[in-house]
Amino acid sequence: MTISRLLARPMLASMFVVGGVNALRDAEGRARAAAPVTEKLVPLAERVLPQAPIPTEPVTLVRINALAQVGAGLLLASGRAPRLSATVLAASLVPTTAAGHRFWEETDPAQRANQKVHFFKNVSMLGGLIIAAGDTEGKPGVVWRTRRAARDARREAKHLAATARREAKLAAAQLS
């Protein structure tokens, strides 16, 4: 692991661990802020995943999101399953941002400016998480390996077909 990854992952993860712990401590307060968003997202989630048991209580949803952030943040900080943990954090950041930083609803100019800063801070962190989720640490990723395997398979198929044609010609020549 490079020194930049060794330092950057815990730095990126720190906000999620701290934010998740704070959300667990004040789940009821966060749930009040999240209620308008959960009212819209829960029916959507139920349509997309009709068989899944989806909690509808905002407090429960806040706690699940907070636990996901703490767990995935600790994994990312420690370098364990960094791509998966970055993906989980990115997924958890979307409802967090939508519920907590709706600057377009603020009427007070100072509050609106403050929420706008937090909204775009989260958008920036989302960008970092997307980069972290795709980081293969210089090793070939799944897409590269799949393309390479397909190319090798095509090359081998051509080789086998050419060999079969040569052998068929030899067999035909021997029969005549």
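Glu28 touches Val59 and Arg63, leaving aside residues up to four places away in sequence. The model shown here is a predicted one. Glu28 lies in helix α2, which covers residues 27-48. In sequence, Glu28 and Arg63 are 35 residues apart, and their C-alpha atoms are 9.3 Å apart in space. Is Glu28 buried or exposed? Its relative accessible area is 41%, so Glu28 counts as partly exposed.

Arg63 also takes part in another contact, the one between helices α1 and α3. Helix α1 is made of residues 3-25, and helix α3 of residues 58-78. The two helices pack at an angle of about 155 degrees, and their axes are 8 Å apart. Angles over 145 degrees count as roughly antiparallel, and α1 and α3 are therefore roughly antiparallel to each other. The crossing of α1 past α3 is left-handed.

Which residues meet where α1 and α3 pack? On the α1 side they include Pro10, Leu12, Ala13, Phe16, Val17, Gly19 and Gly20. On the α3 side they include Val62, Arg63, Ala66, Gln69, Val70 and Leu76. The residues of this contact divide into 15 nonpolar, four polar and two charged.

Gln69 is one of the α3 residues in this contact. Its relative accessibility is 6%, and because buried means under 20%, Gln69 counts as buried. Apart from residues up to four places away in sequence, Gln69 touches Phe16, Val17, Gly19, Gly20, Leu89, Ser92, Leu93 and Thr96. Of these, Phe16, Val17, Gly19 and Gly20 belong to the α1 side of the contact between α1 and α3.

Phe16, Leu89 and Leu93, which Gln69 touches, are also members of the largest nonpolar core. That core has 12 residues, and the others are Ala13, Ala72, Leu76, Ala86, Ala90, Met125, Leu129, Ala132 and Ala133. Which elements give two or more residues to this core? They are α1, α3, α4 (82-100) and α5 (109-134).

Leu129 shows how members of the core meet. Not counting residues up to four places away in sequence, Leu129 touches Leu12, Phe16, Leu76, Ala86, Leu89, Ala90 and Leu93. Phe16 is thus a neighbour of Leu129 and also of Gln69.

There is also a second, separate core, with nine residues, among them Ala23, Ala27, Ala34 and Val59. Val59 leads back to the starting point, as Val59 is one of the residues that Glu28 touches. Ala23, another member of this second core, is among the α1 residues that meet α3.

Key:
Residues are numbered from 1 along each chain as its sequence is written. This is a predicted model: local features need pLDDT of at least 70, side-chain atom pairs count only at pLDDT 80 or more; totals for chains, interfaces and linings use all residues. Side-chain values use heavy atoms; hydrogens and water are left out. Helices (H or I, at least four residues) and strands (E, at least two) are DSSP runs, numbered from the N terminus. Buried means under 20% relative accessible area, exposed over 50%, partly exposed in between (1.4 Å probe, protein chains only). Contact means heavy atoms within 4.5 Å. Axes are lines fitted to C-alpha atoms, for helices over the stretch in contact, and angles run from 0 to 180 degrees between N-to-C directions. Angles under 35 degrees count as roughly parallel, over 145 as roughly antiparallel, 65 to 115 as roughly perpendicular and the rest as oblique. A crossing is left-handed if the near helix is turned anticlockwise from the far one by less than a right angle, and right-handed if clockwise. Ala, Val, Leu, Ile, Met, Phe, Trp, Tyr, Cys and Pro count as nonpolar, Asp, Glu, Lys and Arg as charged, and the others, Gly among them, as polar. A nonpolar core is a set of buried Ala, Val, Leu, Ile, Met, Phe, Trp, Tyr and Cys residues joined through side-chain atoms within 4.5 Å.
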